[in-house]
Amino acid sequence: MSSCRPRTSYYDNGLKVLGLGGGKLDYATELAVAEALHVAAPALTNNFEEFEIDESAEHDYAHHLRSLVPADFSSLHIVLDCANGAASHVAHEIFESTGARITTIHDQPNGRNINEKSGSTHIEDLVARVIEEHADLGLAFDGDADRLIAVDAGGQVRDGDDLMILFARDFFERQRPRRWTGRHFDEQLRTASLDGRRRDRDRRDRRG
């Protein structure tokens, strides 16, 4: 089985090419694209002046994401850890548009500091800032902003298992009769939290 080690250093990050419709490419096609880029590399590196930057693209993207979740978070103070990565230029704008008070950390990418003691793989700064700011919520993205870890108002880290149960509970509370909610979901949330803590402890023990 291949390693699932997260890509945390800047030299582990690169471009991800998507197919028509936004889907991921299969492995064989990825290899073909990589080979084509390798062959074309000398020409590409000598013609950067041919590239154009769309200055409005970030704002258009932020507006699109905001339109998908037209919620009002004006009662919340949220701390965002952008991991000096892809979320750095858009996260503040997106969340501020919800009405929330936003504090942003690790949002100054320089090409080499992505995930450096920041983001979802280094949650310590976010926990400390949430507590210091008396914030309601903290969100830490990873470098390419396709994953996150949450921190609640008490500084408790909420990993993917916790969030999955919280999202499921929210869905059933809004979409299903009341008999689907209640103690059953509370027990699932506690179980997921305990399982996540146990895995974190085991990983720390293995690292020594």
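**Salt bridges, burial and pairing: the criteria applied**

The count comes to 5 salt bridges, a salt bridge being a side-chain nitrogen of Lys or Arg within 4 Å of a carboxyl oxygen of Asp or Glu. This is a predicted model, in which local features need pLDDT of at least 70, side-chain atom pairs count only at pLDDT 80 or more, and totals for chains, interfaces and linings use all residues. Residues are numbered from 1 along each chain as its sequence is written, and side-chain values use heavy atoms, with hydrogens and water left out.

User: What makes Glu133 and Arg101 a salt bridge?

Analyst: Their side chains meet at 3.8 Å, N to O. The cut-off is 4 Å, so the pair qualifies. Glu133 lies in helix H4 (residues 124-133) and Arg101 in strand E2 (residues 101-105), so the pair ties together parts 32 residues apart in sequence. Helices (H or I, at least four residues) and strands (E, at least two) are DSSP runs, numbered from the N terminus. Arg101, Arg129 and Glu133 are linked in a network of salt bridges.

User: Why is Arg101 called exposed?

Analyst: Its relative accessibility is 52%. Exposed means over 50%, buried under 20%, and partly exposed in between (1.4 Å probe, protein chains only).

User: Which salt bridges does Arg147 form, with Asp142 and with Asp146, and at what distances?

Analyst: With Asp142 the N to O distance is 3.1 Å. With Asp146 the closest N and O atoms are 3.9 Å apart.

User: Are these three residues buried, partly exposed or exposed?

Analyst: Asp142, at 4%, counts as buried. Arg147, at 44%, is partly exposed. Asp146, at 48%, is partly exposed.

User: How do you know that E3 and E4 pair?

Analyst: Strands pair if DSSP finds at least two bridges between them. Here 5 bridges join E3 (residues 137-141) to E4 (residues 148-152), and the strands run antiparallel. Gly138 has Val151 as its bridge partner in E4. The hairpin has 6 residues between the strands, and Ala145 takes a positive phi near 65 degrees.

User: What makes E4 and E5 a pair?

Analyst: They have 2 bridges, in the antiparallel sense. The rule asks for at least two, so they pair. In E5, Arg158 is the bridge partner of Ala150.

User: How do you know that the span of H5 agrees with expectation?

Analyst: The expected span is 1.5 Å times one less than the number of residues. For the 16 residues of H5 (residues 160-175) that gives 22 Å, and the end C-alpha atoms are 22 Å apart, so the two agree.
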